[in-house]
Amino acid sequence: MKNQLLLRITFLFVLGFIFSLNHANAQDAQEKKVIQLSGIILNADSTDAVAGVNIYVPKKGRGTSSGRFGYFSMPVLEGDSIIFSFIGLKKQTFKVPESVESDRISLILTMQVDEIALAEIEVMPYPTEEEFKQAIIALNVVDPMSISRANMSPEMLLRWAESMPASGNENFRYFQQTQAQQNQDLYGPRTLRLLDPFAWGQFIRSIKRGDLKKKD
């Protein structure tokens, strides 16, 4: 029975302490004045605005970021510490005064470049320099002239010529022939080469020359 009574008293004491702490924090927050903090963030030379700077109050869950022209605006309380951070620039802190007559504060903040000097790093494809040298010596280097001679062989040139697209002159000549054939088909039927005496004359001359003989 005594243990239960002791637990109840302890629970009421803890509950009262938490209530009084929350009440004190709420009263303290109410006493602080809300101020509208605005400004422009520039680079080290004060020539260009810095966009995308993170602006926040640590552990308060309040923050914003600078816009395209480096401008920002956010509500803060008296005594707040404002952090300005950006990758490649030094982090800066601005503390709002405890007592401010006006309800607005304007800033022009200049952020400096954060230069980080790193030690030289030599990247090697092998664990040690000795293994790398041995791998270079063991390489089987192909003579570039032999590759050129293989690419200039008649078989390779013929293969490239067959796969090469038609040139501008060939395309134009084919277009002209197609147009002429279409015009001929429009005004009359195509001529039959078997009835063309000029074609028979060319055929007879080719026989006399021996063009049709099988070459050895």
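Let me begin with the side chains of Asp80 and Lys60, which meet in a salt bridge at 3.2 Å, N to O, where a salt bridge is a side-chain nitrogen of Lys or Arg within 4 Å of a carboxyl oxygen of Asp or Glu. Asp80 sits in the loop between β4 and β5, and Lys60 in the loop between β2 (54-57) and β3 (62-65), so this pair ties together parts that are 20 residues apart in sequence. The strands and helices I name are DSSP runs, numbered from the N terminus, with helices being H or I of at least four residues and strands being E of at least two.

Before going further, I should say that this is a predicted model, in which local features need pLDDT of at least 70 and side-chain atom pairs count only at pLDDT 80 or more, while totals for chains, interfaces and linings use all residues. Residues are numbered from 1 along each chain as its sequence is written, and side-chain values use heavy atoms, with hydrogens and water left out.

Staying with Asp80, is this residue buried or exposed? Asp80 is buried, with a relative accessible area of 3%, taking buried as under 20% relative accessible area, exposed as over 50% and partly exposed as in between, with a 1.4 Å probe and protein chains only. Its partner Lys60, by contrast, is partly exposed, with a relative accessible area of 42%.

There is a second partner, since the side chains of Asp80 and Arg62 also meet in a salt bridge, this one at 2.3 Å, N to O. Arg62 lies in strand β3 and Asp80 in the loop between β4 and β5, so here the parts tied together are 18 residues apart in sequence. Arg62 counts as partly exposed, at 25% relative accessibility. Taken together, Lys60, Arg62 and Asp80 are linked in a network of salt bridges. As a general remark, side chains of opposite charge can pair when their charged atoms come close.

Which residues does Asp80 contact once its neighbours within four places in sequence are left aside? They are Val57, Lys60, Arg62, Phe94, Lys95 and Val96, with contact meaning heavy atoms within 4.5 Å.

How many salt bridges does the rule give? The count comes to three, and one of them joins the side chains of Glu129 and Lys133 at 3.7 Å, N to O. These two residues are four apart in helix α2 (residues 129-137), which means that about one helical turn separates them. Glu129 counts as exposed at 52% relative accessibility, whereas Lys133 is partly exposed, with a relative accessible area of 43%.

Turning to the aromatic rings, the count comes to one pair. The rings of Phe72 and Phe84 have centres 5.6 Å apart and planes at 70°, so the pair is edge-to-face. Phe72 is in strand β4 and Phe84 in strand β5, 12 residues apart, and the pair thus links distant parts of the chain. For the cut-offs, rings of Phe, Tyr and Trp (its six-membered ring) pair if their centres lie within 6.5 Å, and planes under 30 degrees apart count as stacked, over 60 as edge-to-face and the rest as tilted. Both Phe72 and Phe84 are buried.

Finally, there is helix α6 (residues 197-209), in which Trp200 lies. Trp200 counts as partly exposed, at 42% relative accessibility.
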